Amino acid sequence: LKDFLDGRPRTRLPTAEVMAILVAIAANLAELHAANVRVQDLKPGNILMDEEGKLVLADFGLAHLIVKTIQTVASSAGGTPNYSPPEQLDASQGPVTEKIDIWAFACVALELLTGSVPWSGKTIMQIMAAVVMHRESPCLPAGCEAPAGMAELLQRCLEFEAEQRPSAAEVETEIRRLATLPAEVYTPAPAPAPAPAPAQAP
């Protein structure tokens, strides 16, 4: 997939094409997780695409059997920082589970929808500070074209608490539904107004 993206002008793909790719990635991910395997380094460079556009998630030595009783620390978790959740960047954030692939899926989706790598221009240390210390996550920017509900799905996939992220099967179901909807220009909901200051006692 990376070669496919690199072979095009660095602009975003048509939304329908993006959604078809995301459906294929989600289906592959759901199948792997059902077999108790996590990718652990999901990114365009590890997604193979044949001449007919069929996608397969690649195993470059980082795919692992999921063992529920063993906590895998982040120092051995591998991955690429631009696509990594807090627990993969810092072992103190919790055990690494298959839910790291859900965060990475959202990052790949954002890259395809925007034409830009998440955290582009930031160093590894800057990404770690943003995600781990400041609890920031990449998000769908205003003006991006996507089906209604896409931003909400990505937000769920980018939850800081791993157990709050949907399963791969749930992602596949929702992304298939979204792929049937027309694209529209995304407008974020306005931020809530700050609470009024308490009245001063006379």
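**From strand S3 to the helix contacts**

With a relative accessible area of 41%, Val-56 is partly exposed, since that class covers values between 20% and 50%. The model in which this residue sits is a predicted one. Val-56 belongs to strand S3, which comprises residues 55–57. When neighbours within four places in sequence are left aside, the residues in contact with Val-56 are Asn-28, Asn-46, Ile-47 and Leu-48. Of these, Ile-47 and Leu-48 fall within the range of strand S2, residues 47–49, while Asn-28 falls within the range of helix H2, residues 15–34. Ile-25 is 31 residues away from Val-56 along the chain, yet the C-alpha atoms of the two residues are separated by 7.5 Å.

These elements belong to a chain of 202 residues, of which 42% count as buried. Its secondary structure amounts to seven helices and six strands, and these follow one another along the sequence in the pattern α-α-β-β-β-β-α-α-α-β-α-α-β. Among the contacts in the chain with a separation of 6 or more, 72% are made by residues 24 or more positions apart. The surface that the chain exposes comes to about 10,800 Å², and carbon and sulfur atoms supply 56% of this area.

The helix contacts can be taken one pair at a time. A pair of packed helices is described by the angle between the two axes together with the distance between those axes. H2 and helix H7, residues 168–178, pack at an angle of about 160° with their axes 8 Å apart. The two helices are therefore roughly antiparallel to each other, an angle over 145 degrees being what that description requires. H2 passes H7 in a left-handed crossing. On the side of H2 the contact is formed by Met-19, Leu-22, Val-23, Ala-26, Ala-27, Leu-29, Ala-30 and His-33, and on the side of H7 by Ala-168, Ala-169, Val-171, Glu-172, Ile-175, Arg-176 and Leu-178. Sorted by class, the residues of this contact are twelve nonpolar, one polar and two charged.

H2 also packs with H4, here at an angle of about 170° and with the axes 10 Å apart. That angle makes H2 roughly antiparallel to H4, and H2 passes H4 in a right-handed crossing. From H2, Val-18, Ile-21, Leu-22, Ile-25, Ala-26, Leu-29 and His-33 meet Asp-101, Ile-102, Phe-105, Val-108, Ala-109, Leu-112 and Leu-113 of H4. The residues of this contact divide into twelve nonpolar, one polar and one charged. Leu-22, Ala-26, Leu-29 and His-33 of H2 are listed both in the contact with H7 and in the contact with H4.

H4, which spans residues 99–114, has a further partner in helix H6, residues 150–157; the axes of these two helices come within 8 Å and cross at roughly 145°. Here Ile-102, Trp-103, Ala-106, Ala-109, Leu-110 and Leu-113 of H4 meet Met-150, Leu-154 and Cys-157 of H6. The contact of H4 with H6 has nine nonpolar residues, with no polar and no charged ones.

Trp-103 leads on to the loops, where it is one of the residues touched by Ser-137. Ser-137 lies in the loop between helix H5 (124–133) and strand S5 (145–147), and its relative accessibility of 28% is why it counts as partly exposed. Apart from residues up to four places away in sequence, Ser-137 touches Trp-103, Trp-119, Leu-158 and Phe-160. Gln-155 is 18 residues from Ser-137 in sequence, and the C-alpha atoms of the two are 8.7 Å apart in space.

Trp-119, another of the residues that Ser-137 touches, lies in the loop between H4 and H5. At 12% relative accessibility Trp-119 counts as buried, because the cut-off for that class is under 20%. Most residues other than glycine have a negative phi. Trp-119, although not a glycine, has a positive phi of about 60°. Gln-40 is likewise not a glycine and has a positive phi, of about 80°. Gln-40 is located in the loop between strand S1 (37–38) and strand S2 (47–49), and at 2% relative accessibility it counts as buried.

Conventions. Residues are numbered from 1 along each chain as its sequence is written. This is a predicted model: local features need pLDDT of at least 70, side-chain atom pairs count only at pLDDT 80 or more; totals for chains, interfaces and linings use all residues. Side-chain values use heavy atoms; hydrogens and water are left out. Axes are lines fitted to C-alpha atoms, for helices over the stretch in contact, and angles run from 0 to 180 degrees between N-to-C directions. Helices (H or I, at least four residues) and strands (E, at least two) are DSSP runs, numbered from the N terminus. Angles under 35 degrees count as roughly parallel, over 145 as roughly antiparallel, 65 to 115 as roughly perpendicular and the rest as oblique. A crossing is left-handed if the near helix is turned anticlockwise from the far one by less than a right angle, and right-handed if clockwise. Contact means heavy atoms within 4.5 Å. Ala, Val, Leu, Ile, Met, Phe, Trp, Tyr, Cys and Pro count as nonpolar, Asp, Glu, Lys and Arg as charged, and the others, Gly among them, as polar. Buried means under 20% relative accessible area, exposed over 50%, partly exposed in between (1.4 Å probe, protein chains only). Accessible areas come from the Shrake-Rupley method with a 1.4 Å probe; for residues, only the protein chains shown count as cover.
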